[in-house]
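Hello,

Here is the structure I promised to pass on to you. Have a look at it first, and then read on for what turned up.

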Amino acid sequence: MYVDEAIEHASERDVLAALVDSLLYAGTGASIFANFHIGGRQMDCLIATDALTLVVEAKHFSRRVRGKVNGLWQMRAAGSVWKHVGNSYLQHLARSTR
């Protein structure tokens, strides 16, 4: 595992820990890169195994989120009300094509 910079956000640490736990449980060896930069872009996590390469972008949501890849996203707010939030996937795509 390679971590370029300290991981500041708890949500990113939680995602990385869950990925590592899953790999350990499956007995799968992997190369893991976390919080690093490629071509001036910060990447949260890249996992490479013999069978796949996975790029994970962890967002800083502290509450439950739902939505479709190309659709609206909502976050569960206080009182179980669903509030519209930006579609992080589409935001990341737009940023990566610049």
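**The β3–β4 loop and what surrounds it**

T49 sits in the loop that links β3 and β4. Before I go further, please keep in mind that this is a predicted model.

Is T49 buried or exposed? Its relative accessibility is 18%, and buried means under 20%, so T49 counts as buried. The side chain of T49 also comes within reach of the backbone nitrogen of A51, at 3.1 Å. Leaving aside residues up to four places away in sequence, T49 touches L23, T28, G29 and A30.

The two strands on either side of that loop make a hairpin, with 4 residues between them. Strand β3 covers residues 41–48 and pairs with β4 in the antiparallel sense, over 4 bridges. If you would like to trace the register by eye, A48 has T53 in β4 as its bridge partner, and C45 is partnered by V56 of β4.

**The four-stranded sheet and its helix**

The hairpin belongs to an open sheet of 4 strands, in the order β1-β2-β3-β4 and with mixed pairing. Which strands stand at the edges? They are β1 (2–3) and β4 (53–56); each has a single partner strand, so one side of each is left without a neighbour in the sheet.

Helix α1, residues 10–26, lies across β2 (31–38), β3 and β4, and runs at about 15° to β3. One residue to click on here is L19, which touches C45, I47, L54 and V56 when residues up to four places away in sequence are not counted.

**The core**

Which residues make up the largest nonpolar core? There are 9 of them: I7, L16, L19, L23, I32, A34, C45, I47 and V56. The elements giving two or more residues to this core are α1, β2 and β3, and α1 gives the most, with 3 residues. Some names from above come back here: L23, one of the residues that T49 touches, is a member of this core, and so are C45 and V56, the bridge partners in the hairpin.

**The second sheet**

Further along, 3 strands form another open sheet, in the order β5-β6-β7 and with antiparallel pairing. Its edge strands are β5 (65–67) and β7 (82–85), each of which pairs on one side only. From one strand to the next, the twist averages 35°. Strand β6, residues 73–76, is joined to β7 by 4 bridges, and these two run antiparallel. Within that pair, R76 stands opposite W82 of β7.

**The chain as a whole**

For your notes, here are the overall values. The chain has 2 helices and 7 strands, which follow the pattern β-α-β-β-β-β-β-β-α when read along the sequence. Its C-alpha atoms fill a box of roughly 40 × 35 × 25 Å, taken along the principal axes. There are 98 residues in the chain, and 23% of them count as buried. Of the contacts between residues at least 6 apart in sequence, 31% join residues at least 24 apart. The chain exposes about 6900 Å², and carbon and sulfur atoms supply 56% of that area.

Happy browsing, and all the best!

Notes. Residues numbered from 1 in each chain as written. Predicted model: local features only at pLDDT ≥ 70, side-chain atom pairs only at ≥ 80, totals over all residues. Heavy atoms only, no water. Pairing = 2+ DSSP bridges. Contact = heavy atoms within 4.5 Å. Axes fitted to C-alpha atoms, helices over the stretch in contact; angles between N-to-C directions. Buried < 20%, exposed > 50% of the residue type's maximum accessible area, 1.4 Å probe, protein only. Polar contact = N/O pair within 3.5 Å; in protein donor to acceptor, adjacent residues only side chain to side chain. Areas by Shrake-Rupley, 256 points an atom, 1.4 Å probe, with all protein chains shown as cover. Core = buried A, V, L, I, M, F, W, Y, C linked by side-chain atoms within 4.5 Å.
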